[in-house]
Amino acid sequence: MALLEIHDLHVRVENREIIRGLHLNVNAGEVHAIMGPNGSGKSTLSHVIAGKPGYEITGGQVLFRGENLLRMEPNERAAKGVFLAFQYPVDIPGVTTMNFLRAALNAQRKARDQREFSTPEFLKRVREVAGSLKIPHDMIKRGVNVGFSGGEKKRNEILQMALLEPSLCILDEIDSGLDIDALRIVASGINALRSPARAMILITHYRRLLDHIVPDIVHVMSKGRVRKSGGKELALELEACGYAQFEDAA
Amino acid sequence: MKQVLAKADAERATDDIFAEARGRLPGAGPVPQIRARAFDVYKRAGLPHRGMEDWKYTDLRALIGEVLPLAPQPDAQALARAKVSAKQVAADQAVKLVLVDGMFAPELSDLGRLETEVVVRSLREVLETPAAVAMAGLLLSTTSDSAISLNAAMATDGLVITVADGNAVKRPIQIVHVATGLSVSTYTRSYLQLGKGAHAAILESFVPAEGASGYQANDAIIALVGEEARLSHIRVAAAASDAVNISSAIMAVGARAKLDLFTMTCSGSISRYQGFITLAGEGTKLSANGVNLVRDELHADTKIVVDHAVPHCNSREKFRAVIDDCGRSVFQGRILVRPAARKTDATLTTRALLLSDQAEADNKPELEILADDVACRHGATSGALDDALVFYLRARGLSEKDARILLIKAFIGEPIEEITSQNLRDFVTAQAEHWLQARR
Ligand SMILES: Nc1ncnc2c1ncn2[C@@H]1O[C@H](COP(=O)(O)OP(=O)(O)OP(=O)(O)O)[C@@H](O)[C@H]1O
Ligand SMILES: [Mg+2]
């Protein structure tokens with residue numbers, strides 16, 4: 001059984017069909033890349049998997065370990081191991097990153113009938129992970145993403161991912177807004193999380209990310225559907241020829 | 001259903017109430033006369049109504065119609081019920097002083113734990129002693145506000161708390177006001193005097209006993225904060241959901257003193273807090289903050305008037321309202337900078353969070369600046385919870401309810417953070433948490 005199975009998914013937003021018969025299978029241990037032009041529905045797909053309200057599912061199935069994901073609340077999905085690193089992470093003034101991380105981690109552990117972490121255990125874990133991502137401690141004590149630069153917000157997403165240890169990581173343009181050094185740090189943070197039990201979906205516009213995190217499979221998405229799938233060399237081909245050739249394929 | 005009484009009827013009823021109560025109102029020497037004068041002032045104006053600018057959003061004449069009869073002296077059974085509520089609301093480490101239905105209840109209070117740096121007497125006792133009668137005019141002072149005049153006329157008891165020059169009281173003093181009655185009114189008045197350089201923290205809690213209902217509580221506190229003194233005054237009002245609470249604070253702050261005020265209203269059919277703060281000495285710092293938590297069809301009105309009377313004073317105000325269901329919150333923050341008050345530095349922000357479509361917020365900062373060379377800023381906003389934030393938290397594992405609670409806590413956190421004592425901050429946070437958890 002694949003970790004994630006998406007079968008003939010159709011999604012409407014405000015009466016416009018954005019996802020139009022999408023198929024995708026992701027196995028544990030695999031890294032998939034999804035590339036595609038602006039507006040092709042990549043973020044919409046990631047939101048639908050994470051459970052964001054406001055999307056009308058008009059057809060198809062999304063199964064996670066064989067369970068119908070679409071019937072679960074977003075927090076249930078998170079507790080089962082689905083994680084979305086947002087393309088545009090929001091600021092939460094008044095909630096420190098520290099409190100936010102603790103609330104999230106303990107809510108998930110509680111949902112899985114695991115014991116909550118003690119404060120020292122938790123602090124130790126946060127320090128370790130933050131250190132490896134070169135996130136200064138004072139940033140964690142500030143409001144979530146408040147006053148963070150674009151790159152810092154992306155690093156904060158990876159911090160959350162590393163701490164929550166999900167089994168499906170969807171990273172929506174995690175490379176946008178990162179300078180060369182930050183990209184390297186974030187990529188090594190992501191690579192460190194690669195494991196046979198965990199799958200990743202990288203949504204990106206740039207091959208550069210895929211030089212750091214080498215995918216097993218690359219998909220080209222256009223107009224709400226996967227138009228072509230291939231190995232990592234597909235990314236190179238896209239860079240050379242653009243998306244036009246895939247618009248009406250498949 | 002109770003209809004609004006014609007004004008004349010209401011007045012006649014009120015007249016009767018004063019006449020009936022008179023024999024039970026403490027006070028020697030000039031006190032009865034002072035009361036009668038205060039009552040006349042009240043009678044001329046009548047219950048506060050929307051024709052009065054200060055009461056524009058809380059028309060008591062329309063909302064409550066009449067003043068209820070004075071609560072009887074609490075009997076043993078009432079005291080026993082009050083004891084339970086007072087215990088429930090007791091703050092950690094605070095020294096409790098309990099007022100039940102407008103009467104000081106020493107047997108429910110921690111008089112034995114009072115520090116020697118503070119002197120506490122009951123208002124009743126002070127008004128009855130011939131020596132203290134000189135203070136009566138101050139103790140029962142009034143303003144043009146008719147609710148305060150009514151309070152002066154009718155006050156049955158309260159606390160007179162004095163801290164001498166240089167004394168620091170370490171433990172907070174918690175005045176617990178418990179109402180046990182049905183359809184009665186209570187009037188309490190307290191007086192607080194801090195000498196030069198004195199320190200104290202006063203926490204006031206308003207709670208009903210189990211079964212109390214439909215009562216009207218009218219409280220006033222008068223505080224004189226001496227030069228270089230530090231006073232924290234924290235108030236948490238949670239009247240019964242069909243009861244009325246009117247609390248007035250009149251405070252004057254001396255040079256280089258610091259006053260930290262915090263007020264939170266979390267229940268009560270009609271709640272009104274009005275603070276009149278005069279910064280009377282140069283170099284004074286005021287931090288005045290508050291939260292209204294309103295649900296169902298309840299109504300909470302907070303008015304704070306800061307009077308910058310002299311130069312070089314600093315005032316900071318942060319107010320937040322969270323309104324659910326058909327609740328209504330009013331915040332009026334007035335800053336008056338008198339012509340002499342050069343170099344005044346005053347800021348006020350007020351924000352309302354509307355949790356339902358029917359929730360209503362009136363958010364009114366008013367600046368009246370009559371001096372030059374001042375820095376005054378104010379801001380007012382209102383809006384709903386941001387769905388994108390709620391989803392972000394849910395996507396990380398929080399349930400929708402917990403996500404909303406976390407965001408609301410963050411919203412009200414700013415004024416609560418201004419409470420300097422960790423202990424009292426935790427107390428207020430716990431009360432707010434209680435309100436949040438009760439959300440459906
Ligand atoms: N809430 C919404 N209301 C209306 N249209 C929407 C909404 N969300 C998405 N869309 C539309 O759906 C289409 C797909 O958007 P989506 O954000 O999924 O694209 P994307 O592939 O992630 O693009 P990009 O590469 O620019 O991030 C776009 O045309 C967008 O305008
Ligand atoms: Mg996108």
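**View 1. Salt bridge between Glu400(B) and Arg404(B) in the predicted model.** The side chains of Glu400(B) and Arg404(B) pair with an N to O distance of 3.3 Å. The two residues are four apart in helix H9 (residues 400–417) of chain B, so about one helical turn separates them. Glu400(B) is partly exposed at 32% relative accessibility, and Arg404(B) is partly exposed at 22%. Both belong to a network of salt bridges that also includes Glu73(A) and Arg394(B).

**View 2. Salt bridge between Lys409(B) and Glu433(B).** The closest N and O atoms of this pair are 2.9 Å apart. The contact links distant parts of the chain, with Lys409(B) in helix H9 and Glu433(B) in helix H10 (residues 422–437) of chain B, 24 residues apart. Lys409(B) has a relative accessibility of 32% and is partly exposed; Glu433(B), at 24%, is also partly exposed.

**View 3. Salt bridge between Lys80(A) and Glu67(A).** The N to O distance is 3.4 Å. Lys80(A) lies in helix H2 (residues 74–80) and Glu67(A) in strand E5 (residues 67–68) of chain A, 13 residues apart. Relative accessibility is 32% for Lys80(A) and 36% for Glu67(A).

**View 4. Surroundings of ligand 1.** Among the 15 residues around the ligand, Gly39(A), Lys42(A), Ser43(A), Thr44(A) and His205(A) come nearest. Helix H1(A) gives the most to the shell, with three residues. By class, the shell has three nonpolar, eight polar and four charged residues. Oxygen atoms of ligand 1 lie 2.8 Å from a side-chain N or O atom of Lys42(A), 3.0 Å from one of Arg16(A) and 3.2 Å from a polar backbone atom of Ser40(A). The protein covers 66% of the 640 Å² of accessible area that ligand 1 has on its own.

Note on methods. Residues are numbered from 1 along each chain as its sequence is written. Chains are lettered from A and ligands numbered from 1 in the order in which they are written. This is a predicted model: local features need pLDDT of at least 70, side-chain atom pairs count only at pLDDT 80 or more; totals for chains, interfaces and linings use all residues. Side-chain values use heavy atoms; hydrogens and water are left out. A residue is near a molecule or strand if one of its heavy atoms lies within 4 Å of it. A polar contact is a pair of N or O atoms within 3.5 Å; within protein, one must be able to donate a hydrogen and the other to accept it, and residues adjacent in sequence count only if both atoms are side-chain atoms. Accessible areas come from the Shrake-Rupley method with a 1.4 Å probe; for residues, only the protein chains shown count as cover. Ala, Val, Leu, Ile, Met, Phe, Trp, Tyr, Cys and Pro count as nonpolar, Asp, Glu, Lys and Arg as charged, and the others, Gly among them, as polar. A salt bridge is a side-chain nitrogen of Lys or Arg within 4 Å of a carboxyl oxygen of Asp or Glu. Buried means under 20% relative accessible area, exposed over 50%, partly exposed in between (1.4 Å probe, protein chains only).
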